[in-house]
Amino acid sequence: MKMKPSILKDTLMAVTYRFLSWLSPKILLSLHYKRVYKKRLNWDNLSTIDEKISWLKLNADTTKWSLYTDKYRVREHLKEMGLGNLLVKLYGKWDKPEDIDWAKLPQQFIVKTNNGSGEVLICKDKSKEDIGYMTVKVRKMSERKTGSYLYEPHYDSIKPCIIAEELLDVSKQAIESSSVVDYKVWAFDGKAAYIWVCFNRTPHSVECQVYDTDWNFHPEYSVSTPHYVLSNMEIPKPKCLKQMLSVAETLSKGFPELRCDLYEVDGKLYFGEMTFTASAGFNYFYSEQFRIILGKLCDLSKAKTRY
């Protein structure tokens, strides 16, 4: 059976990218930047947030990145920071899918890997689910490597595991959304700047918007794509906005840039994750104007380097 040209092309590109990630990450990032933005990445004159994240991936000390990106170990960090009340309830942690004791989980829950990037298993009614199917899906999630494709080395240092958490009630949010509303706060060494809001997420698309810290809507900062769709429906300011900004500022201290992902359900704030290489450093769904604005806020002189 012959492989379709598109599949063959994607496979060859994936193999090439992973090889370059090992051989020369700088060449890999330069190549992908040219492919995405149709221009050369000038390493001597970095201006956008994507360019600076690329520099950080090559030069920053990512030791703490690995700890804080780990969706299981970061829970202890939040407790140490006095933010344990923001954690979603944890039902269990396992090293392998076969170890999961499905019988002990409640009727509703969410399963994710600690080093994954967005892929989750959502169970709304365990009595209607096939345990074998869920185990296979979690195994496939566990086998995916997050950081090798576009050189995110901090993921390689995370010891993989699987966790199950409470499934938040999406019907108790500020807007009607088929998924949890994700408030992704961009912060720079203790200063929150913008919030990227994502909602109505499906496997194929997600609606997105950008707001500043005063909750002014900025549609001009977004580029609508088939997957990242700009929504022009302005959503109400979150009740927990002030707390969101405070949390992002607390967690971002000491880092040139950080995207802190948070949820607000039934008037309560929940922690999602900390992201140091947002979209692997290729935020093409932002306008160039906005990528430059974020880039100006990212002071690389404050980065702790690995050398």
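**Salt bridges, helix packing and backbone geometry**

Asp101 and Lys104 are joined by a salt bridge in which the closest N and O atoms are 3.9 Å apart. The structure examined here is a predicted model, and the values reported below are computed from it. Of the two partners, Asp101 is partly exposed, with 31% relative accessibility, whereas Lys104 is exposed, with a relative accessible area of 72%. Side chains of opposite charge can pair when their charged atoms come close.

In total, the structure holds 14 salt bridges, and among them is one between the side chains of Asp261 and Arg259, with an N to O separation of 2.9 Å. Here both partners are buried, Asp261 at 1% relative accessibility and Arg259 with a relative accessible area of 7%. These two residues also belong to a network of salt bridges that links them with Asp182 and Lys184.

A further salt bridge is formed by the side chains of Arg291 and Asp50, at 3.9 Å from N to O. Because Arg291 lies in helix 8 (residues 288–297) and Asp50 in helix 3 (residues 49–59), this pair ties together parts that are 241 residues apart in sequence. Both ends of the bridge are withdrawn from the surface: Arg291 is buried, with a relative accessible area of 7%, and Asp50 is buried as well, at 0% relative accessibility.

The two helices that carry this pair have axes that come within 7 Å of each other and cross at roughly 45°. An angle from 35 to 65 degrees falls outside both the roughly parallel and the roughly perpendicular ranges, and helix 3 and helix 8 are therefore described as oblique to each other. At their contact, Ile49, Asp50 and Lys52 of helix 3 meet Arg291, Leu294 and Gly295 of helix 8, so that the residues of the salt bridge, Arg291 and Asp50, are themselves part of the contact between the helices.

The surroundings of helix 3 extend beyond helix 8. Ten of the eleven residues of helix 3 are buried, so this helix is largely enclosed by the rest of the structure. The buried positions are Ile49, Asp50, Glu51, Lys52, Ile53, Ser54, Leu56, Lys57, Leu58 and Asn59, a list that includes charged residues such as Asp50, Glu51, Lys52 and Lys57 alongside nonpolar ones such as Ile49, Ile53, Leu56 and Leu58. The elements against which these buried residues pack are helix 2, helix 4 (63–69), strand 5 (182–187) and helix 8.

Two residues stand out in their backbone geometry. Most residues other than glycine have a negative phi. Lys38, in contrast, has a positive phi near 60°; this residue is found in the loop between helix 2 (25–37) and helix 3 and is exposed, with a relative accessible area of 65%. Asn200 likewise has a positive phi, of about 50°, although it is not a glycine. Asn200 lies in the loop between strand 6 (192–199) and strand 7 (206–212), where it is partly exposed, with a relative accessible area of 21%.

On the surface, finally, Phe19, Trp22 and Leu23 form a nonpolar patch that together presents about 390 Å² of accessible area. Of these residues, Leu23 is placed in helix 1 (residues 5–23).

How values were computed: Residues numbered from 1 in each chain as written. Predicted model: local features only at pLDDT ≥ 70, side-chain atom pairs only at ≥ 80, totals over all residues. Heavy atoms only, no water. Patch = residues over 30% accessible without salt bridge, like charges linked within 9 Å, V, L, I, M, F, W, Y side chains within 5 Å. Areas by Shrake-Rupley, 256 points an atom, 1.4 Å probe, with all protein chains shown as cover. Salt bridge = Lys/Arg side-chain N within 4 Å of Asp/Glu carboxyl O. Helix = DSSP H or I, 4+ residues; strand = E, 2+ residues; numbered from the N terminus. Buried < 20%, exposed > 50% of the residue type's maximum accessible area, 1.4 Å probe, protein only. Axes fitted to C-alpha atoms, helices over the stretch in contact; angles between N-to-C directions. Parallel < 35°, antiparallel > 145°, perpendicular 65-115°, else oblique. Contact = heavy atoms within 4.5 Å.
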